[in-house]
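Student: Got a minute to go through this one with me? I'd like a quick tour before I set anything up.
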Amino acid sequence: MAFVIFIASILTPGALLGAGIGFEDLYAGDITIVIDPGHGGEDTGAVGSNGTEEKNITLSLGLMLKEILKERMGCNVLLTRTEDVFIPLDERTAFANRAGADLFISIHANAAVSREAMGVETFFLSFDATDDDARRIAAFENKVIRVSGSQTPEADDLNLILLDLANTEAHHESSRLAEAVHLSMLKATGKENRGVKQAPFAVLAGATMPAVLVETGFISNPHEEKWLSSKKEQARIAEAIAEGVAGFKKTNGKVIEYSGFREHTKKN
Ligand SMILES: [Zn+2]
């Protein structure tokens, strides 16, 4: 599956990147955003000391984010899952590619051995991890590939995708999107800044559009587990991610304006 995506990106880069149409040329109604609530089904993701499962937090956040991006910002929004089901990692980006998505946002909650670890970190795909911590997190999030059995991409295929990625426009845009979402998250939540980082995330490999993975907070930290479980705080996080998307767009042609609880679109 992953290898097929790689071949397709060589043969038709124009078509997959929007046939030369810059994202900035699109109106909000023409923008398709795929939101990927991490994990699901048998794959619970990280589990907090009070039993909170990452898969439930990510789904709740994803559904809230969809409402904002769709109802208030006028974007087309698709989710890789809308219920508690297992979806292999490579199918998530394949879905976004098939949908012709302009952006891919994978939502997660973090975990560490230390219960003290806290804060927000936002990732985009890279062959090399920023540091050991980024490498560890990618390894955790990639783990499902191995337990899912039939969908296991060969390591070589993943490496080919990652090497191919270095020169793509989508990769550059991914770093800008990650910066925008990250800054917005920090501003809205006041949480510790763990930085924008790069790591070889399988769920981002093969995406032909700007793609980021947001680690919203640490489920392994009891304080942040409680914070992430609050619907009120989840709404704040969803708002922050949406504002980040709008901020990314703003630097790209002022297609979407974000103004707190009122959102409108305008033509250039
Ligand atoms: Zn996760």
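Tutor: Sure. This is a predicted model. Among contacts between residues at least 6 apart in sequence, 82% join residues at least 24 apart.

Student: And what about secondary structure, how many helices and strands are there in the protein?
Tutor: DSSP-wise, the protein has nine helices and eight strands.

Student: How much of the protein counts as buried?
Tutor: Of its 268 residues, 49% count as buried.

Student: OK, the largest nonpolar core then. Which residues touch the most other members?
Tutor: That would be I33, F201, V212 and I241, in a core of 62 residues. Helix α9, residues 231–250, gives the most to this core, with eight residues.

Student: Let's zoom in on F201. What does F201 touch, leaving out residues up to four places away in sequence?
Tutor: The list is F123, L125, A138, E141, N142 and L213.

Student: Switching to α8, which residues in that helix are buried?
Tutor: α8 covers residues 222–229, and E224, E225, W227 and L228 are buried there.

Student: Where do those buried residues fall, seen down the axis of α8?
Tutor: They fall within an arc of 165 degrees, so they line one face of the helix.

Student: Last one: α3. How many residues does α3 have, and what does it reach from first C-alpha to last?
Tutor: It has 19 residues, 54–72, and reaches 26 Å, close to the 27 Å expected at 1.5 Å a residue.

Student: And what does G74 do just after α3?
Tutor: G74 takes a positive phi there, about 75 degrees.

How values were computed. Residues numbered from 1 in each chain as written. Predicted model: local features only at pLDDT ≥ 70, side-chain atom pairs only at ≥ 80, totals over all residues. Core = buried A, V, L, I, M, F, W, Y, C linked by C-beta atoms within 7 Å. Buried ≥ 20, exposed ≤ 12 C-beta atoms within 10 Å, placed from the backbone. Helix = DSSP H or I, 4+ residues; strand = E, 2+ residues; numbered from the N terminus. Contact = placed C-beta atoms within 7 Å. Expected span 1.5 Å × (residues − 1). Arc of directions from axis to C-beta.
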